[in-house]
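Q: Please take a close look at one part of this model for me. I am new to it, so keep the sentences short. How do the helices sit against each other and against the sheets?

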Amino acid sequence: MAKRYFRLLDDLQLPGRWELDDPVDQRGQALRTWLLARGESAHVEGRLRIPIYVPGRSLDFSLLAGAPIPVVRARVAAVFSELAPDDVQLIPVDVDGQTEPYVLLNITRVVKCIDDEASDEVRYWKLEDGQPEKLGQYRSVIGMRIDPSKVGNAGVFRTWGWELAIVVSEAIKDALERMGATGTKFQEVTGQSTASAEERARDRKSRELLEMADTARETAWRTFGSLDKEVFMPIAMSGSWPGHRQLWRVIRREEGRTLLVTHGLSDPFIERLEPSVGFGLELALEVDAAVKDISKGWPLLLLDRVADEIAEHEQVRESVKAGLFSMEVSGKGLPKSLVTEEGRVAVLLGVESRTLPSHFSTPYGEVKLVTVKVLLPSELGYVLEHGAEGQAELARRFVESGEGHLCRLKRKPVA
């Protein structure tokens, strides 16, 4: 009987679960996590600490937020140490708020075993994709299937060319299930695909729609500055966004500025499988600094919260598309200079920009580009006192002062 193997995933549907941030060393410096996603041993000096990104229920198995790197309780680490001793590097870590031992699981085996023919769909990086260092590797793998005859004696491994995937043997899967390890989710990657021809056709159509929307937006983004290659993805996909995915792009601008944009509010509504511009808008937040790691900074956190409000509330979306609109979001984790006594941070949406267009075109229609201007507490007070007239006056003063839509932490209030 052929051996069975399973993709090991993080169960993101567990209610109230925690999310773990990237590890930091004893000096508080973030570890370069890509070193632990290459399928080889890594040299780590000193004891690492794992901060909590989103507080919640602790789990036996978790992937770091935004990286396919497992952090596991000691009892889970023991399973891998026993059943796949040559395939893992166990790195002890301290998880904030936890007294019991945790281990960062570095998977050191890579196996070239993806079965292109048996998988639902595979795509490779091509020269025209503009990333020659990835040429010949997988750009996407849908409904992955592997050839078990190529695995050899590996108990856990990453798949060559698609190192995002972590695959475990049936023995490891069974051991983790017997102990009731929380946070794990398994998908079989051996045997025949369970997707029907109709499901494959639907998936292919949805990908085509989303890819065309991606291409159109990226064409617009490149006219604003230098577009970072990396696409920032969320901890979990969002059903409230039109394409059920939350994405952000980073654009490097003149004078060292960094522009962060939502990249999905104008996705087609994926359930309908027809062209559209989704909510018909995208958000843009620009800061006066060359932010190196945007995933750790306050701009992404703020934009994330504003985007969630827009995605989840139709009335808010319609108000934003109609003109200037102010709102408040949680100030947790944001700079103290922006946070009100009530623990909130305010933004003014739709401030005129001299360097960004108000709309851009896609094959599916026009998309409104809405600027996000963070307000100081005194400016929020002015808006609350004067309403719509106060919003318009603040926007006028921002433009007149030369601040425009730009977000600065150190500036004088205009009200």
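A: Here is a walk through one helix pair, the sheets around the pair, and then a second helix pair.

Start with how far to trust the picture. The model is predicted. Its average pLDDT is 91, and 98% of the residues score at least 70. Confidence is lowest in strand β4 (residues 52–54), where the mean is 85. It is highest in strand β22 (residues 365–374), at 98.

Now the helix pair. Helix α1 covers residues 74–83, and helix α2 covers residues 170–179. The two pack at an angle of about 155°, and their axes are 10 Å apart. That angle makes α1 roughly antiparallel to α2. The crossing of α1 past α2 is right-handed.

Which residues meet there? From α1 come Arg75, Val76, Val79, Phe80 and Leu83. From α2 come Ala171, Ile172, Ala175, Leu176 and Met179. Sorted by class, this contact has nine nonpolar residues, one charged residue and no polar ones.

Next, the sheet on the α1 side. Five strands make an open sheet, in the order β3-β7-β8-β6-β5. Its pairing is mixed. The edges are β3 (48–50) and β5 (61–63). Each has a single partner strand, so one side of each is left without a neighbour in the sheet. From one strand to the next, the twist averages 40°.

Look at one edge of this sheet. β3 runs parallel to strand β7 (residues 88–95), and three bridges join them. Within that pairing, arginine 49 has aspartate 94 in β7 as its bridge partner. Helix α1 packs on this sheet. It touches β6 (70–73), β7 and β8 (102–107). The direction of α1 makes about 105° with that of β6.

Then the sheet on the α2 side. This is an open sheet of five strands too, ordered β9-β12-β13-β1-β14. Here the pairing is mixed. The edge strands, β9 (110–111) and β14 (184–188), each pair on one side only.

Inside this sheet, look at strand β1 (residues 5–10) and strand β13 (residues 162–169). They pair in the antiparallel sense, over three bridges. Phenylalanine 6 has valine 168 in β13 as its bridge partner. Helix α2 lies across β1, β12 (156–159), β13 and β14. It runs at about 75° to β13.

Put the part together. α1 packs on the sheet that holds β6, β7 and β8. α2 lies across strands that include β1 and β13. The two helices pack against each other at about 155°.

Finally, the second helix pair. Helix α4 (residues 298–312) packs with helix α5 (residues 314–322) at an angle of about 105°. Their axes are 5 Å apart. α4 and α5 are therefore roughly perpendicular to each other. Glu309, Ile310, Ala311 and Glu312 in α4 meet Glu314, Val316, Arg317 and Val320 in α5. By class, this contact has four nonpolar and four charged residues, with no polar ones.

Notes. Residues numbered from 1 in each chain as written. Predicted model: local features only at pLDDT ≥ 70, side-chain atom pairs only at ≥ 80, totals over all residues. Heavy atoms only, no water. Axes fitted to C-alpha atoms, helices over the stretch in contact; angles between N-to-C directions. Helix = DSSP H or I, 4+ residues; strand = E, 2+ residues; numbered from the N terminus. Parallel < 35°, antiparallel > 145°, perpendicular 65-115°, else oblique. Left-handed = near helix turned anticlockwise from the far one by under 90°. Contact = heavy atoms within 4.5 Å. Nonpolar A, V, L, I, M, F, W, Y, C, P; charged D, E, K, R; others polar. Pairing = 2+ DSSP bridges. pLDDT = per-residue confidence, 0-100.
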